[in-house]
Amino acid sequence: MDQHVTPLFTALKKHAAGNPVQFHIPGHKKGLGTDAEFREFIGDNALSIDLINIAPLDDLHQPTGVILEAQKLAAEAFGADYTYFSVQGTSNAIMTMILSVCSEGDKIIVPRNIHKSVMSAIIFSGAKPIFVSPVQDENLGIDHGITTSSLERALRRHPDAKGVLVINPTYFGVCADLRSIVDLAHSYGVPVLVDEAHGVLIHFHEELPVSAMQAGADMAATSVHKLGGSMTQSSVLNLNAKTGLVNPQRVQTILSMLTTTSTSYILLASLDTSRRNLALNGHEMASRTIALSNYARDTINSIEGLYSFGKEILGTEATFNLDPTKLNIHVRHLGITGYETENWLRQKYNIEVELSDMYNILCLITPGDTQESVDKLLAALRVLSAIHYSKGEIYEMKVQVPNIPQLALIPRDAFYADTQLVPFRESAGYIIAEFIYVYPPGIPILLPGEVITQDNIDYIIDHVEIGLPVKGPEDRSITNIKVIVEAEPIS
């Protein structure tokens, strides 16, 4: 196929240039009915292609024209048999993957450090999660992925699982041996679903880890907007039909059920054009990004009190490969937290990072970065080191993530059960009916249906007291928590 063309974007420009008289939504009608200040800022070109699924522009829910052609081009670019566009982010694509293979009561094997969208899909489907613990890095205080050996133990115990979900790469850029994981799951006849939210570039460069489609996975939810240049909320769902473990038509049906009928053509056009850019220039884009990342990492590791891990951590089952464009900066030896570092960079240098936790900040280096932007970060980090290095007490490394709680109820049953509020500090032994997670990246600490332990309570309170963002409960202060109502015993 000719990867130079952009069928959807070209059709949108042609339609706008014809200046049709519009008696359909959106009501702003090429910007004429919108707020004047907003129109001036956004521009008439953008507003002119903010359209809906009229006949010349195809329909994302049942594409037969320019959207179908754009998706076919994307499938070729990503090495997939089918590619589906998502205008509701990778969360929507992840939910589609799970709902396409799981029904009520089905088991799905998932790592504990999943995104909250995975649990949303498990609740909607009524599936039962079989959790596999990710490998914890005790030197950095972060989680990596699951290992082939831990997955093998899970499959031996649960050979009737309907799917295996894998994060590749993790938020921090670390990959397990995805090919081995795929081969193992397929030997049990189980499809592999990949959360590839942070891996859009990996398909386009040999120095980056293997992509889900290259590894033979069945489906992959990929955030083009995170690193590939499209607009926020635009992602793709790639499907490998060769294994026969996933039905492409069912995937389209599920995706349509979850997707708004008012699909954004601006987001769709940005996927169409970003696919072209990646297909034609992805290798060069990735090469520049890798070089900038390696330069930044080498410089950070020369700054006193800072550490950014690289290939030296490879060599274990959980650390099989690395995406160097994820720049994790360990700040514990400065005697400050990652959360404090994030706020300091924002307040003093107008620098925003991707996330922070107790010991780290994460910076994403993308094709949108330049030598200038990276040097600004490095200059700020030098000042940070000069202020804090050898000046205060270094935090003791405490990685005390509690054990995975007992799952007493299927998450959907717990989520919809009769509930009551109890003081969170006194909730040990109750079955929780809501989520508690750290965001970003949205990793759950407690999930509906799990039995709350004192270790869970202490861990969450520690995060809240240090100022880290713990979210999920309806009571945002986490003073009270929603739990399952337990019937009084009959005497």
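# Exercises on helices and salt bridges

Let's start with a detail: just after helix 8, Gly189 has a positive phi of about 75°. Keep in mind that the model is predicted.

**Exercise 1.** Work out which residues of helix 8 are buried and how they sit around the helix axis.

*Solution.*
- Step 1: go through residues 178-187 and pick out the buried ones, which gives you Leu178, Ile181, Val182, Leu184 and Ala185.
- Step 2: look down the axis of helix 8. The buried residues fall within an arc of 165°, so they line one face of the helix.
- Step 3: check the face turned away from that buried side. Here you'll meet the exposed residues Asp183 and Ser187.
- Step 4: find what the buried residues pack against. The partners are helix 7 (148-157), strand 6 (163-167), strand 8 (192-196) and helix 9 (212-215).

**Exercise 2.** Take helix 7 and helix 8 as a pair and describe how they pack.

*Solution.*
- Step 1: get the geometry. The axes of the two helices are 10 Å apart, at an angle of about 15°.
- Step 2: classify the angle. Anything under 35 degrees counts as roughly parallel, so helix 7 is roughly parallel to helix 8.
- Step 3: settle the hand of the crossing, which for helix 7 and helix 8 is right-handed.
- Step 4: list the residues that make the contact. Helix 7 brings Thr148, Leu151, Glu152 and Leu155, while helix 8 brings Ser180, Ile181, Leu184 and Ala185. Of the helix 8 residues, Ile181, Leu184 and Ala185 are ones you've already met as buried.

**Exercise 3.** Find out how far helix 6 (residues 116-125) is enclosed, and by what.

*Solution.*
- Step 1: pick out the buried residues of helix 6, namely Ser117, Val118, Met119, Ala121, Ile122, Ile123 and Ser125.
- Step 2: compare with the length of the helix. Seven of its ten residues are buried, so helix 6 is largely enclosed by the rest of the structure.
- Step 3: see what does the covering. The elements over the buried residues of helix 6 include helix 5 (89-101), strand 2 (107-111), strand 3 (128-132), strand 6 and helix 15 (411-415).
- Step 4: step past the end of the helix. Just after helix 6, Gly126 takes a positive phi of about 80°.

**Exercise 4.** How many salt bridges does a search of the whole structure find, and where do some of them lie?

*Solution.*
- Step 1: recall the idea that side chains of opposite charge can pair when their charged atoms come close. Searching the whole structure turns up 14 salt bridges.
- Step 2: take Arg275 and Asp272, whose side chains meet in a salt bridge at 3.0 Å, N to O. Both belong to helix 12 (residues 265-300), and being three residues apart there, they are separated by about one helical turn.
- Step 3: ask about burial for that pair. Arg275 counts as buried at 2% relative accessibility, and Asp272 is buried too, with a relative accessible area of 0%.
- Step 4: move to Glu465 and Arg425, which form a salt bridge at 3.6 Å, N to O. Glu465 sits in helix 16 (residues 454-466) and Arg425 in the loop between strand 15 (419-423) and strand 16 (436-438), so the pair ties together parts that are 40 residues apart in sequence. Both Glu465 and Arg425 are exposed.
- Step 5: try Lys482 and Glu474, a salt bridge with its closest N and O atoms 2.6 Å apart. Glu474 counts as exposed, at 61% relative accessibility.
- Step 6: look for shared partners. Glu342, Arg346 and Glu352 are joined into one network by salt bridges that share partners.

How values were computed. Residues are numbered from 1 along each chain as its sequence is written. This is a predicted model: local features need pLDDT of at least 70, side-chain atom pairs count only at pLDDT 80 or more; totals for chains, interfaces and linings use all residues. Side-chain values use heavy atoms; hydrogens and water are left out. A salt bridge is a side-chain nitrogen of Lys or Arg within 4 Å of a carboxyl oxygen of Asp or Glu. Helices (H or I, at least four residues) and strands (E, at least two) are DSSP runs, numbered from the N terminus. Buried means under 20% relative accessible area, exposed over 50%, partly exposed in between (1.4 Å probe, protein chains only). The arc is that of the directions from the helix axis to the C-beta atoms. Contact means heavy atoms within 4.5 Å. Axes are lines fitted to C-alpha atoms, for helices over the stretch in contact, and angles run from 0 to 180 degrees between N-to-C directions. Angles under 35 degrees count as roughly parallel, over 145 as roughly antiparallel, 65 to 115 as roughly perpendicular and the rest as oblique. A crossing is left-handed if the near helix is turned anticlockwise from the far one by less than a right angle, and right-handed if clockwise.
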